[in-house]
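Grab a coffee and work through a few exercises on this protein chain. Try each task on the structure before you read the solution.

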Amino acid sequence: MKIVNNKKLILASASPRRKELLSRLGIDFVIEASDAPENAISVEPNDVCRELSQIKCNDIASRHMDEEAIIVSADTIVTFENTILGKPQDEEDALKMLMSLSGREHTVYTGVTICSLPNGAKTTFGCATYVKMYDFNKQEAIDYIKTAEPMDKAGAYGIQGLGGLLVESINGDYNNVVGFPLALFVKKMKEMGLMC
């Protein structure tokens, strides 16, 4: 993989999981996290994550308008019964989230925005993955919470870590659940003529 015309690629995210996934492509990139307020007008989860990715992208793009750069931003949302499950506020909140997911299916949405500068060509797209959890008990959830892994994860679990032991099956892109639909990203970059 290579970026066309050696444009600078900027990942508008501080997520270590997105950094790790993008690194797999063997391309150079820099990280510049957005600090723009994440206030979405949309209400549907798939629309919310796409809108938030646009907000982040626009924030970083505004700092690099005259440069040869590609801005990539993403936002991942975990939903259950059409309710957005963010990062848990505390251990009690994490336990509530995990027990609501036990034995049930939920959806992970990621919205991604790619903007090519200086011309401003832009695309925003979404990806959905359906995750079915094993039926686990309260003590198993508490033991998992004690590892601290759930505390900085939307939906209170990380599929790439110990949280993967709670997952029975997935339907869709595994990397999307981690936080970035890598294959779809590469496809969109090629469609925009930004990667070969």
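Accessible areas here come from the Shrake-Rupley method with a 1.4 Å probe. Computed that way, the surface of the protein chain comes to about 9500 Å², with 47% of it belonging to carbon and sulfur atoms. Keep in mind that this is a predicted model.

**Exercise 1. The overall fold**

Work out how many helices and strands the protein chain has, and in what order they run.

Solution. Start by counting: the protein chain has 6 helices and 7 strands. Next, walk from the N terminus, and you get β-α-β-α-β-β-α-β-β-α-β-α-α. The radius of gyration is 17 Å, close to the 16 Å from the globule rule for 196 residues, so the chain is as compact as a globular protein of that length. Along the principal axes, the C-alpha atoms fill a box of roughly 55 × 35 × 25 Å. Now look at burial: 47% of the 196 residues count as buried. Finally, take the contacts with a separation of 6 or more; residues 24 or more positions apart account for 68% of them.

**Exercise 2. Salt bridges inside a helix**

Find where Arg 50 and Asp 47 lie, then do the same for Glu 191 and Lys 188.

Solution. Take the Arg 50 and Asp 47 pair to begin with: their side chains meet in a salt bridge at 2.8 Å, N to O. Both residues sit in helix 2 (residues 45–61), 3 residues apart, which is about one turn of the helix. With the buried cut-off at under 20% and the exposed one at over 50%, Arg 50 counts as partly exposed because its relative accessibility is 27%. Asp 47, at 32%, is partly exposed too.

Now move to helix 6 (residues 182–191), where Glu 191 and Lys 188 are also 3 residues apart, about one turn. Their salt bridge is 3.9 Å, N to O, which is within the 4 Å cut-off. Glu 191 is exposed at 51%, while Lys 188 is partly exposed at 22%.

**Exercise 3. A bridge between strands**

Which parts of the chain does the pair Lys 132 and Glu 168 tie together?

Solution. Check the pair itself: the side chains of Lys 132 and Glu 168 form a salt bridge of 3.3 Å, N to O. Then place each partner. Lys 132 belongs to strand 6 (residues 121–133) and Glu 168 to strand 7 (residues 167–171), so the bridge ties together parts that are 36 residues apart in sequence. Lys 132 is partly exposed at 26%, and Glu 168 is partly exposed at 41%.

To finish the tally, the count for the chain comes to 13 salt bridges. Elsewhere, Glu 32, Asp 35, Asp 59 and Arg 63 are linked in a network of them.

**Exercise 4. Unusual backbone**

Say which peptide bond is cis and where Pro 118 is placed, then look at phi of Glu 81 and Asn 82.

Solution. Begin with the background: most residues other than glycine have a negative phi, and most peptide bonds are trans. The bond from Leu 117 to Pro 118 is cis, with omega near 10 degrees, and Pro 118 is in the loop between strand 5 (105–117) and strand 6.

Then turn to the loop between strand 3 (69–80) and strand 4 (83–85), where Glu 81 lies. Phi of Glu 81 is positive, near 50 degrees. Asn 82 is in the loop between strand 3 and strand 4 as well, with a positive phi near 65 degrees. As for cover, Glu 81 is exposed at 66%, and Asn 82 is exposed at 55%.

Conventions:
Residues numbered from 1 in each chain as written. Predicted model: local features only at pLDDT ≥ 70, side-chain atom pairs only at ≥ 80, totals over all residues. Heavy atoms only, no water. Helix = DSSP H or I, 4+ residues; strand = E, 2+ residues; numbered from the N terminus. Rg over C-alpha atoms; globule rule 2.2 N^0.38 Å. Buried < 20%, exposed > 50% of the residue type's maximum accessible area, 1.4 Å probe, protein only. Contact = heavy atoms within 4.5 Å.
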